Amino acid sequence: MLQREIWNELIAWKERKHHPLIIKGLRQIGKTFIVKHFGEIYYENVVYLDLRANKTVHKAFDGNFDVNQMILSITSTDSSARFIPGKTLLILDEIQDCTNARSSLKYWDMDGRFDVICTGSFLGVKGFRNPYVRGIPVGYEEQITMYPLTFKEFLDNTGMDEKVFEYVSKSLSAKTMIDPTVHDSIRNLYLQYLIVGGMPDVVLKFFETHDLNQVREIQKRILQSIRDDFGRYKDKNGNDAVNEVLKLRAEACLNSLPSQLAKEYKKFQFCLVDVKGHSPEKADGLQYLEDVGLVVRAFNTRELVYPLNAAKISTEFKVFYIDTGLLISQLGEDVPAKILAGDLGPYKGAIAENMVAASFAKEDMDLYYFHASSGSPELDFLYEENGSVGIIECKASNNRATSMKFVLANEKRFGKHSAVKIADSNVGGGENFDTYPLYSLGFMQKKQTKNIVDVIDVKNITVPE
């Protein structure tokens, strides 16, 4: 079994006072497996309901949401189900396929005798966002988004000594050069991760065989299974249906991504999407890819100001795969071998930027960049920290970060900003910026900021006489 960071989140959820939990995310990232295994370890009883495959059990949620009645209905369709108060985990898999099951979470929560975890791959998808006739249980559920394995999770599963991880983390924090032997080893693992990515089945096959041909086969199979679900929705009667037009638009948008990312300026252009329709119509296909969790967008900004969302240009964006391994599986057959040799070829910028975008997205960070209307300067990524805007330039080699240096040198025009260059190099520095290895993103930790408001003693407020 792969070690996943979400495991600790599940333990923390169980140990505190909690509501029913919904785990969202792309198909085949291990949601069902991790939840079932968690149930086996921490509960005496697990009741598992696949709401996509088992339509019969949907009737259990058609009544008045009396928990005892729902239990009676569930056990009548599943003779092996046992509900023991305080010792049972109810798993509702693919909960988006049964809106009443989602609505019932409020009543499972109020009853409090049983823990409930749900999984969903289409919760944000058009056709699964129809109004819930019986309501969404606002305030009675919690949500976590699960992603493919991060580079840190990949390293955790290699069996690497924790002391190595601590050494690299401390070196990055202290901005000191990493021992060349350690650096080369982590760099080689990073190149492997670029190719393999973080889909669990792919990672497991890689660790089992180290055969990149088998890795590529599984990646393509996963993408095809995701494509097979494109356009799926629920009709007004709650039955499965497929919007063939939406399916074609989603497929065309996905097919265009390699060429979109190969451009010097990687702005997503609907004119490169080979399907009939105007841009707003094609945009439905792109939105679908985003809704199912396959891609993320990075938005251009008008200027380098905080907050970045206020400067966002909503019509100008780049699109990246949430898993870089899936991107590489769509490129040439010889690309993996070139990557292992340190040659990312014509896609080197796309691969490096995609890795940054995916890493940030997995930390639930919004993605922004800056591309001046004149074409220069162009900054790969922007981030927010302590009320200011920081700059990240990402270089697949150790090329000069010309745009970043220009912006830093023109403080009166662009403002003062912290800056980081991520490149295929060891830890280093530059004029007003720091340089880190490409793999440093795997050691990134979200900074914890104090967000507690001071209590004001209102009793001591007096009105002047």
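Here are some short exercises on the predicted model above, each with a worked solution.

Some ground rules: residues are numbered from 1 along each chain as its sequence is written, and side-chain values use heavy atoms, leaving out hydrogens and water. Since this is a predicted model, local features need pLDDT of at least 70 and side-chain atom pairs count only at pLDDT 80 or more, while totals for chains, interfaces and linings use all residues. Helices (H or I, at least four residues) and strands (E, at least two) are DSSP runs, numbered from the N terminus.

**Exercise 1. Work out the strand order of the five-stranded open sheet, then find its edges.**

Step 1. Two strands pair if DSSP finds at least two bridges between them. On that basis the order reads S2-S3-S4-S1-S5, and the pairing is parallel.

Step 2. S2 (45-50) and S5 (142-145) each have a single partner strand, so they stand at the edges with one side left without a neighbour in the sheet.

Step 3. Now the twist: on average, neighbouring strands here are turned by 20 degrees against each other, direction ignored.

Step 4. Zoom in on one pair: S3 (residues 88-93) and S4 (residues 115-120) run parallel and share four bridges. Across that pair, Leu-89 sits opposite Asp-115 of S4.

**Exercise 2. Which strands does helix H1 lie across?**

Step 1. For angles, axes are lines fitted to C-alpha atoms (for helices over the stretch in contact), and values run from 0 to 180 degrees between N-to-C directions. Contact means heavy atoms within 4.5 Å.

Step 2. H1 (residues 6-15) lies across S1 (21-24), S4 and S5, at about 145 degrees to S4.

Step 3. Another helix, H2 (residues 31-42), packs on this sheet too, touching S1, S2, S3 and S4, with its direction at about 165 degrees to that of S4.

**Exercise 3. Trace the eight-stranded sheet and the helices that pack on it.**

Step 1. This open sheet runs S9-S8-S10-S11-S12-S13-S15-S14, with mixed pairing. S9 (312-321) and S14 are the edge strands, pairing on one side only. Neighbouring strands are turned by 35 degrees against each other on average, direction ignored.

Step 2. For an antiparallel pair, take S11 (residues 378-385) and S12 (residues 388-395), joined by five bridges. Tyr-383 has Gly-390 of S12 as its bridge partner.

Step 3. H11 packs on the sheet by touching S8 (295-301) and S9, its direction making about 100 degrees with that of S9. H15 touches S8, S9, S10 (367-371), S11 and S12, at about 105 degrees to the direction of S9.

**Exercise 4. Is strand S15 mostly buried or exposed?**

Step 1. Buried means under 20% relative accessible area, exposed over 50%, and partly exposed in between (1.4 Å probe, protein chains only).

Step 2. Of the five residues of S15 (residues 433-437), four are buried, so the strand is largely enclosed by the rest of the structure.

Step 3. Check its partners. S13 (residues 419-423) pairs with S15 in the parallel sense over four bridges, with Ala-423 opposite Pro-437. S14 (residues 428-430) runs antiparallel to S15 and is joined to it by three bridges; here Gly-430 partners Phe-433.

Step 4. S14 and S15 make a hairpin with two residues between them, and Asn-432 in the turn has a positive phi of about 70 degrees.

**Exercise 5. How many residues of H15 are buried?**

Step 1. H15 (residues 348-361) has 14 residues and reaches 20 Å from first C-alpha to last, close to the expected 20 Å. That expectation is 1.5 Å times one less than the number of residues.

Step 2. Twelve of the 14 are buried, leaving the helix mostly covered. Among them are Glu-353, Asn-354 and Phe-360.

**Exercise 6. Describe how H10 packs against H11.**

Step 1. H10 (residues 212-228) and H11 (residues 244-262) meet at about 150 degrees, their axes 10 Å apart.

Step 2. That makes the two helices roughly antiparallel. Angles under 35 degrees count as roughly parallel, over 145 as roughly antiparallel, 65 to 115 as roughly perpendicular and the rest as oblique.

Step 3. H10 contributes Leu-223, Arg-227 and Asp-228, and H11 contributes Lys-247, Glu-251, Leu-254 and Asn-255.
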